[in-house]
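This report considers the cysteines and the nonpolar interior of a single structure. The sequence and the model are shown first.

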Amino acid sequence: MNIAFVLGNSDYDTLTKLEACNNDVKAINEVLKATGKYGKIFVEQNKKSSELKKSLATTIESIKNSKISVDELIVYYTGHGCCKNDQFYFLPIDYDSKRHSTTSLSNDELDEMLKSLNPQLTVKFIDACESGQTYIKSSAESKDIFLNTSRR
């Protein structure tokens, strides 16, 4: 089965509100539905950190307990994000820099949850500031990667 997680935050308590993210969640959800390819689409929007982590953990545990074989797993995120110590963090609506570790969701933390589903393919689309920083080391390396790939 193909599964999608559509995650979005726009109504932040202390960070700048991102009105367009509500529309992004709705649009991506509709696109995924229109493909007819996804047996389950889970939408999480404007959640506090503890709510988001609990909801993701509960949903993933439910999928594992149902013994569903996950072929493709798509994750779409729109909202604030940041990098610290070479790690990307998704920032829920209650993010507080003074309580960074408890009010954010690290990319590693999300990856560990997703890996537990043992999907054949996982694709993440991250629409947030600093989201590419940990994947693309430098603009020179990026250029080499794209030039070498396009010649094949």
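How many disulfides does a search of the whole structure find? The model is a predicted one, and the search returns zero disulfides. Two cysteines illustrate this result. The sulfur closest to that of cysteine 83 belongs to cysteine 82, at 6.9 Å. For cysteine 129, the nearest cysteine sulfur is that of cysteine 21, at 9.7 Å. A disulfide requires two cysteine sulfur atoms within 2.5 Å, and neither cysteine 83 nor cysteine 129 takes part in one. With regard to solvent, cysteine 83 counts as buried, whereas cysteine 129 is exposed.

| Cysteine | Nearest cysteine sulfur | Distance | Relative accessibility |
|---|---|---|---|
| Cysteine 83 | Cysteine 82 | 6.9 Å | 16% |
| Cysteine 129 | Cysteine 21 | 9.7 Å | 55% |

The nonpolar interior is described next. The largest nonpolar core comprises 26 residues, and Phe5, Leu7, Leu56, Leu73, Leu105, Leu110 and Leu114 have the most contacts inside it. Two or more residues of this core come from each of strand 1 (3-8), helix 2 (49-65), strand 3 (72-78), strand 4 (81-84), strand 5 (87-90) and helix 3 (107-115). Helix 2 makes the greatest contribution, with four residues.

Which residues does leucine 114 touch, not counting those up to four places away in sequence? Leucine 114 is in contact with Phe5, Ile60, Leu73, Val75, Pro119 and Lys124. Apart from the largest core lies another, of seven residues, including Ala4, Val25, Ile74 and Tyr76.

Note on methods. Residues are numbered from 1 along each chain as its sequence is written. This is a predicted model: local features need pLDDT of at least 70, side-chain atom pairs count only at pLDDT 80 or more; totals for chains, interfaces and linings use all residues. Side-chain values use heavy atoms; hydrogens and water are left out. Buried means under 20% relative accessible area, exposed over 50%, partly exposed in between (1.4 Å probe, protein chains only). A nonpolar core is a set of buried Ala, Val, Leu, Ile, Met, Phe, Trp, Tyr and Cys residues joined through side-chain atoms within 4.5 Å. Contact means heavy atoms within 4.5 Å.
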